[in-house]
Structure formats: structure tokens, C-alpha cells
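This report goes through a structure for a reader who has not seen it before. Please look over the sequence and the model shown here, then read on.

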Amino acid sequence: ESTTVGIVGAGPAGLMLSHLLALSGIESVAIDIRSREEIEHTNRAGILEQDSVRLLTDTGVDGRVLTDGYEHHGIELRFGGEGHRINFQELVGASVWLYPQTDVFIDLANARARDGGDVRFGVTNPAVREVTGRPVMSFTDADGVDHEVRCDYLVGSDGSRSMCRHELPESLRRQYYKEYPFAWFGIMVEAPPSAPELIYARHDRGFALISQRTDVLQRMYFQCSPTEDIDAWSDDRIWEELQTRVEGGGFRLIEGPITEKTVLPFRSFVCEPMRHGNLFLAGDAAHTVPPTGAKGLNLALQDVKVLHELLDAAINLGKTELLDTYSTRALERVWKAQQFSYRMTTMLHSLPDETPFDARRQLGQLNDIVSSRFGSAHIAECYTGWPTT
Ligand code: DHB
């Protein structure tokens with residue numbers, strides 16, 4: 001068997017790439033060890049930059065994001081018992097869309113099925129080899145049949161525990177890590193929205209994020225310990241903690257039954273370069289950002305947008321030298337997103353060994369941002385996303 005582009009990992013990045021390649025007349029085979037149902041039922045982040053929305057609608061994936069998603073013109077930064085709105089529209093003329101990553105995945109999987117794309121979910125024994133020559137992607141499909149697919153190019157969009165990443169020789173691979181001494185406790189709540197837009201809250205007890213899903217389902221998070229015991233958190237205790245962290249000015253969260261409780265990992269990671277021979281890494285396989293900036297999915301889609309453009313030029317126009325620019329182009333945005341996610345994280349979370357000075361300085365930083373048009377505009381610019389590099 002052979003194909004032009006082998007894609008390991010059929011999450012949003014892998015499927016978007018497969019979709020874009022098909023539009024350029026380029027064949028691909030995408031595999032994933034997870035079943036479609038498994039991916040559809042994992043709750044992930046919920047914010048799309050406007051360019052991510054455009055990528056979904058302009059390339060004919062689906063316009064459902066525009067009808068079922070919610071356009072948000074800003075966010076609220078909450079600290080010192082008060083809310084401060086960052087008005088994206090007024091400051092930078094941009095919006096973001098609340099549209100869960102699982103829905104992005106569903107739309108992409110449907111589009112690939114509709115267009116006859118070759119996507120194999122639920123494979124076992126995935127392996128890749130010969131990435132500096134003509135790569136081979138091997139796997140056993142869901143029916144137990146073994147396959148060896150020869151590819152011109154191989155893309156590793158296989159998530160943070162990427163197998164493909166290890167095909168970059170250690171002597172060439174540089175990995176950058178930042179660990180944080182906290183995590184997020186995420187809940188799903190059956191209740192109407194407590195606020196029309198996202199609230200990013202800083203409190204002496206720690207960070208909280210009030211997000212939404214629909215008119216009847218809400219997503220909320222609060223800073224916790226990386227080793228937090230989920231069973232120690234009754235619904236009552238969770239509500240008391242969340243209400244405390246967002247209190248002030250009479251604001252109250254609308255409570256409801258909690259249908260999911262999870263502790264989310266938290267770290268920054270970058271692997272450089274993002275290419276070796278004919279292997280290209282995209283999305284979480286190459287980088288992880290802390291969730292505070294809502295950048296993970298958006299970065300993955302941008303990687304794939306750039307990669308598609310370069311593969312199209314290489315395959316359809318013979319401009320293979322352009323592939324050399326992938327890593328540099330993608331990493332420029334990756335490091336901006338790392339910086340923004342780090343900044344949002346450190347200005348809103350409390351450190352276990354924090355001093356009163358640290359806490360006052362943090363409030364100074366937040367006041368500096370909300371009292372300055374330039375400061376607010378910079379947050380708005382980063383949050384709504386940078387133009388494609
Ligand atoms: C959501 C998650 C985030 O990490 C974020 O920054 C904003 C929203 C969410 O799940 O809705």
C-alpha cells in the first residue's frame with residue numbers, strides 16, 4: 001500500500017490536515033489508536049480564535065460553528081472582588097468563538113467521511129520507520145488486518161504522548177519543559193450560564209475560570225494541586241470554593257448538578273525542530289501549552305495550515321525546499337503562544353510558597369493591564385490570535 005501523506009493521529013490537527021490536503025488533490029491516510037467515540041467523548045477546551053473559525057468555514061468543513069457556537073466579543077478579568085472587561089471588539093476588532101474541541105473533531109470527522117477521506121480509527125500496533133527516506137507507517141486495522149503504508153511524507157499529529165516525536169534523533173531533538181506546581185480541577189455543570197462571557201478570576205485562594213457550553217451546560221475550572229484527590233471534593237465543597245474565588249460586587253455563580261469532575265495536567269513543552277527528514281510534527285506532538293490562554297487547539301490548527309501550504313507547494317509545484325521553512329514558521333507562533341499562556345497563568349494563579357509581596361505585585365500587574373488601553377489591547381491581541389506567520 002502507498003499514499004502521499006501518512007498521518008499518525010486523527011484528532012483535530014490530523015483530520016484538518018487530511019481535509020486540506022484533499023482540497024489540494026493530495027492523497028493521505030490518517031490513523032488513530034482511539035475509536036471515534038472515544039475522541040468524541042473526551043472533554044477538551046472550548047475557545048476558537050477567529051482564524052480557526054475561518055479555517056473551518058472557508059474550507060467547507062462545516063458552518064455549524066457559526067450557528068451552534070457563540071461569538072464572544074471579550075472576556076472578564078476578575079480580581080480584588082471586581083470584574084474588568086477586556087473588550088476585544090473595541091480594542092482590536094476581533095472576536096473568539098466558544099465551540100468545544102469535541103465539536104470541531106466531529107465536524108472534521110464528518111467532513112472526511114462525506115468527502116471519502118481515508119481515516120482509520122481504532123488501529124493497534126502503530127509504528128513508523130525510515131522517516132528520512134520514504135517513510136513507512138504500519139498498523140493493524142480495527143478488523144485485525146495488518147497494513148504497511150509507504151508514504152512520501154509522514155505527519156505526527158499524535159498528541160502529547162507522541163510516538164512520532166521519538167523518530168527525531170535525540171542528538172537533534174531539543175525539548176523545553178516548564179512544570180507548574182498546580183493543576184486545574186474541571187467540572188461540567190447542568191445549569192444556565194452564570195455570565196455571558198468567560199471569566200478569568202484571580203483570588204488569594206487561587207485561579208478560577210468560568211466558561212460555558214450551552215444554555216443548559218456550563219464548564220468551570222479552579223486551580224488545585226497536581227495530586228488533588230477528586231473524591232475529596234463533594235459538590236458542596238466545589239461550589240463553596242468556586243463561589244469564594246469569584247465573589248465580589250454581588251456576583252454569584254448559578255449552581256447545578258455537577259456531571260463531571262477531572263483534574264487536568266498542566267505544563268509547557270516544546271520540541272524543536274518540528275521536522276526531521278520527511279517527518280513533520282504538528283499540534284500537541286510538538287508542543288503543549290498550559291490551558292489558561294486557550295491556545296492549544298488553535299496552535300495545532302495553525303501548524304496544520306502552514307504545513308498544508310508547504311506540502312501543497314512541494315507536492316504540486318515541486319518546491320520541496322520550502323519544507324525547510326516549516327519548523328521556523330510554526331515555532332515563531334508556538335513561542336508567542338507559550339509566552340502568552342505563561343503570562344496568563346502566572347498573573348492569575350497563586351504559588352504554594354507565595355509571599356504577600358508576590359500577591360500584591362500580581363494585583364499590580366492586573367491593575368496595570370486593565371487600566372491601560374495598550375495593556376488591555378495586548379491581551380486582546382494575543383487572546384484572539386496572531387495572523388498566520
Ligand atoms: C475553556 C478552556 C480553557 O483552557 C480556556 O482558557 C478557556 C475556555 C473551556 O473549556 O471552555
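In this predicted model, the buried residues of helix α7 pack against four strands: β5 (74–79), β14 (199–201), β15 (208–212) and β16 (217–224). The buried residues in α7 are Leu-242, Arg-245 and Val-246. Seen down the helix axis, the buried residues of α7 fall within an arc of 90°, so they line one face of the helix. The face turned away from that buried side carries Asp-236, Arg-237 and Glu-240, which are exposed.

Helix α7 itself covers residues 235–246, twelve residues in total. From its first C-alpha to its last it reaches 17 Å, close to the 16 Å expected at 1.5 Å a residue. Just after α7 comes Gly-248, with a positive phi of about 130°.

The next topic is the domains. The domain assignment of the chain gives domain 1 (2–51 + 100–178 + 268–352) and domain 2 (183–264). Taken over C-alpha atoms, the centres of domain 1 and domain 2 are separated by 31 Å. Where the two domains meet, seven residues of domain 1 are in contact with 13 residues of domain 2. The side of domain 1 that touches domain 2 has three nonpolar and four polar residues, and no charged residues.

The ligand has a shell that draws at least three residues from each of domain 1 and domain 2. The residues surrounding the ligand are Ala-45, Gly-46, Ile-47, Leu-198, Leu-209, Ser-211, Arg-219, Pro-291, Thr-292 and Ala-294. By class, six residues of this shell are nonpolar, three are polar and one is charged.

The class counts for the two sets of residues are set out below.

| Set of residues | Nonpolar | Polar | Charged |
|---|---|---|---|
| Shell around the ligand | six residues | three residues | one residue |
| Side of domain 1 touching domain 2 | three residues | four residues | no residues |

A last residue to look at is Leu-98, found in strand β7 (residues 96–98). Is Leu-98 buried or exposed? Leu-98 has 22 C-beta neighbours inside 10 Å, and a residue counts as buried from 20 upwards, so Leu-98 is buried. Not counting residues up to four places away in sequence, Leu-98 touches Gly-46, Ile-47, Gly-69, Tyr-70, His-72 and Gln-212. Gly-46 and Ile-47 are also among the residues that surround the ligand. Leu-98 and Leu-363 lie 265 residues apart in sequence and 28 Å apart in space, C-alpha to C-alpha.

Definitions and conventions:
Residues numbered from 1 in each chain as written. Predicted model: local features only at pLDDT ≥ 70, side-chain atom pairs only at ≥ 80, totals over all residues. Near = placed C-beta within 6 Å. Nonpolar A, V, L, I, M, F, W, Y, C, P; charged D, E, K, R; others polar. Domains from an automatic or database assignment. Helix = DSSP H or I, 4+ residues; strand = E, 2+ residues; numbered from the N terminus. Expected span 1.5 Å × (residues − 1). Buried ≥ 20, exposed ≤ 12 C-beta atoms within 10 Å, placed from the backbone. Arc of directions from axis to C-beta.
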